Amino acid sequence: MRWALALVFLAEAAQAEIPIGPSIGSAWLSEPTDRYDHAVLGDALEWGALEMTLASGVLHVVTIRLPDNRVFEDVEARLADLDGDDRDEVIVVETDLARGASLAVYGPEGKIAATRFIGQKHRWLAPAGIADFDGDGRVEIAYVDRPHILGDLVFVRLEGDRLVETQRLPGLTNHRIGDDFISGGVRDCGQGPELVLASLDWTRVMRVRGGKIKDIGPMPAKGLKIPPC
């Protein structure tokens, strides 16, 4: 159950002012809410807030609370340095109750960038991985746009205050309706990071490396796992 993710983090927030440019030490989703009736991740609960600890000499906890027309519709908050400044950003799925999901990037002071909302309620996207997928020295975020309907694997890169799409590949997925987890992910077999996903009909295991899709075998009976190299 995703209740397991609602860990209790207890910390005394220092009274001193948070310095400019603190580093994010950890991040998690909190404040479960049933105000969105999608239940694509297996239950009626999503998250109303994002919390992060800031490593600035003294422990600080920052809470970013969404308005009532938004939820974080995700299984975790992911940390990655997207802009090369040696400080992590937080990557999470943020959903508008009327307009569906978007991929959002947050920092200690709030939202940095986001993709457009899909445009319709009960439409979701599933993060797939974060790495330098095209070998240019810059990090991309990969996600599957509408993994149950459309199945487009999308790569985006943080450019200032925008997430810019760099590539889109059709016919792939990484989530089944009702699962409380996202399948597949990133591996590196010595030729750079690659993604392991499923074909849209869940019959084949697919690899994406260097912008190319390859079928690497039938779907195991136990479902999609990252196979050994």
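**Ser30, the cores and the open sheet**

Q: Is Ser30 buried or exposed in this predicted model?
A: The model is predicted, so local features need pLDDT of at least 70 and side-chain atom pairs pLDDT 80 or more, while totals for chains, interfaces and linings use all residues. Residues are numbered from 1 along each chain as its sequence is written, and side-chain values use heavy atoms, without hydrogens and water. Because buried means under 20% relative accessible area, exposed over 50% and partly exposed in between (1.4 Å probe, protein chains only), Ser30 with its 9% counts as buried.

Q: Which side chain makes a polar contact with the side chain of Ser30?
A: A polar contact is a pair of N or O atoms within 3.5 Å, where within protein one must be able to donate a hydrogen and the other to accept it, and residues adjacent in sequence count only if both atoms are side-chain atoms. At 2.7 Å, the partner of the Ser30 side chain is that of Glu51.

Q: How many residues has the largest nonpolar core?
A: A nonpolar core is a set of buried Ala, Val, Leu, Ile, Met, Phe, Trp, Tyr and Cys residues joined through side-chain atoms within 4.5 Å. Among those with the most contacts inside the largest core are Leu82, Trp124 and Val156, and its residues number 21.

Q: Which strands stand at the edges of the open sheet β9-β10-β11-β12?
A: Two strands (DSSP E runs of at least two residues, numbered from the N terminus) pair if DSSP finds at least two bridges between them. The four strands pair in antiparallel fashion, and the strands that each have a single partner, so that one side is left without a neighbour in the sheet, are β9 and β12.
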